[in-house]
Each structure stands twice: as structure tokens, then as C-alpha cells.
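Biologist: I should be grateful for a close look at a single part of this model, with the reasoning set out for a first-year student. Which residues deserve attention for their exposure and backbone, and what surrounds them?

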Amino acid sequence: MTAVHCSASLWQGERITMSTANRSTARPKAAASSGDIDPGEVLRGIRTERGLTLAEVSKRTGMPISTLSKVETGKISLSYEKLMRLSRGLDIDITRLFAAPKPASGAGRSLATGCRTITRAGDGPRIRTATYDYVYPSADLLNKSLNPMIIDVHVRSIAEFGDLMRHPGEEYALVLEGQCEFHCDLYAPSLMSTGDSVYFDGSMGHAYVAVGEGPCRILSICSATDADLKSALNPLTKDPA
């Protein structure tokens, strides 16, 4: 059974935060959520910061000036393909287009949630699919920024796997036991052994395929929500936690 200790109250699944700074009468501003961040505004900020014109960005990315202008003014959204063009052309990490502006120097300290959860060995809800068995540690802590999973990989060929998985956010995976091949849309398959890890964009199609006769176990940590992750699964059975 998992144990949870929170120094801040939880109410209706939302975290109440506590400032790590000294108390004051002024309430600190909440950090911008990802839903409040407009990649077009971020793009305009990067372009202005570097002193680039729309024509120069167009030349670097191969995107028409009219398209870039519409992106910056919020008239059209950015597809994955456009994000990749901007990332490569401007030599920036793709995640920067979704990053909140940095606070001014000397701004208030970051807020801490004060929450902690401990999952004992073997505990956690389980979901079984045709390709993987999942165990979800820390499942009792709602609205997490990261979702950890322990995955036992059963599928042993990419043909047997079927359609590649996709989900919002990013994923980090560490091989805990055995070997696997990591497959994804944009790269050749890579063999990974115990202790090897990979960090990637979860919106790319991807799959883990076990290699050899022994067990294959992976620790995966995703920035996607629990609902987004589970909607990508095709469970065979659900075992009680």
C-alpha cells in the first residue's frame, strides 16, 4: 500500500502550494501554466531577442513569411512538422517554444508543493496489454507533473507490436533488466541493455521490443497526464492495486 505525506493540503485533487520564502502580506504570482503559453509569442520573443526579421527566420526554417506571421499573431497553430523546422532552423530545443518566460532577476523563490508519496516494492495498480504489463507507482498522488511506470515488455518483434504508441509530452526510459530494441518514427532501431536509457518526444510513434529469451523490464517516466497515457493503451485485463 502506498503512503502519502503532504505538508500542504489536497482538496479535490488540486495541490495547495506553500512558499519556500518568508511569509509576506503580498501573495506571490502563480507561475504560468502550459495552457497559458502561446508558442507564437515565444517565437516572436526569440526572434526579437536575436534581432532576426521574419524573412531571416523564413530562410533558416523554409517556412513562408506569411505562415510565420500568422503563427506569431496566433492565427494558426504549430504542427509537429513546423515545430521541428523551427527547432532546427533556430537551433533551439523544441520544448523552448512551450516554456514560460523566465522571471526577472531577483524575483520571488519558486513554490513547493510539499507532497511526497512512497510506493512499496510490488505495489501499484496494474494494467496488462498485448505488448506490455504496466505497474503504476505513486498512483495515489493526483495531478502529478510526471507519471512513472514500470513496464514488463513481452512483445519480441516490431511486427508483433502493431501500431506504434504516441502520447503528449516527453518520456524518459531506463532499462532495469534484460535488453530491448527501441523503435521510433524518426530514427533507426537502437539496442538498449540494462542501465541504458533514452529521452524522447512522446508524440513520435515509439515502441519497446524485448530481445532474447529473458525478462525485459523498463522504468518509464512521462510528462503526459495519466488520462492521456491510459487512453493510448488497449488493456486486456485490469488487476486490482
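Modeller: In this predicted model, D91 has a relative accessibility of 69%, and it therefore counts as exposed, since the cut-off for that word is over 50%. D91 sits in the loop between α4 and β5 (111-112). Its phi is near 55°, which is a positive value in a residue other than glycine.

S138 may be set beside D91. The phi of S138 is near 60°, again a positive value in a residue other than glycine. S138 also belongs to a loop, the one between β8 (132-135) and β9 (147-153). Its relative accessibility, however, is 13%, and because buried means under 20%, S138 counts as buried.

The helix that precedes the loop of D91 is α4, and α4 (80-90) is among the elements against which the buried residues of α1 pack. The others are α2 (54-61) and α3 (65-72). Helix α1 itself comprises 12 residues, from 39 to 50. From its first C-alpha to its last it reaches 16 Å, close to the 16 Å expected at 1.5 Å a residue.

Which residues of α1 are buried? They are P39, G40, V42, L43, I46 and R47. Seen down the axis of α1, these buried residues fall within an arc of 160°, so they line one face of the helix. A general rule helps here: an α-helix has 3.6 residues a turn, so residues three or four places apart point the same way. The face of α1 turned away from the buried side carries T48 and E49, which are exposed. Just after α1 comes G51, with a positive phi of about 70°.

A further part of the picture concerns aromatic rings. There are 6 aromatic pairs in the model. One of them joins F182 and Y208, whose ring centres lie 5.6 Å apart. The angle between the two planes is 40°, and the pair is described as tilted. F182 lies in strand β11 (residues 179-184) and Y208 in strand β14 (residues 206-211), so the pair ties together parts that are 26 residues apart in sequence. Both F182 and Y208 are buried. The two residues also belong to one aromatic cluster, together with Y132, Y134, Y136, F161 and F200.

Methods:
Residues numbered from 1 in each chain as written. Predicted model: local features only at pLDDT ≥ 70, side-chain atom pairs only at ≥ 80, totals over all residues. Heavy atoms only, no water. Helix = DSSP H or I, 4+ residues; strand = E, 2+ residues; numbered from the N terminus. Expected span 1.5 Å × (residues − 1). Buried < 20%, exposed > 50% of the residue type's maximum accessible area, 1.4 Å probe, protein only. Arc of directions from axis to C-beta. Contact = heavy atoms within 4.5 Å. Phe/Tyr/Trp six-rings, centres within 6.5 Å; stacked < 30°, edge-to-face > 60°.
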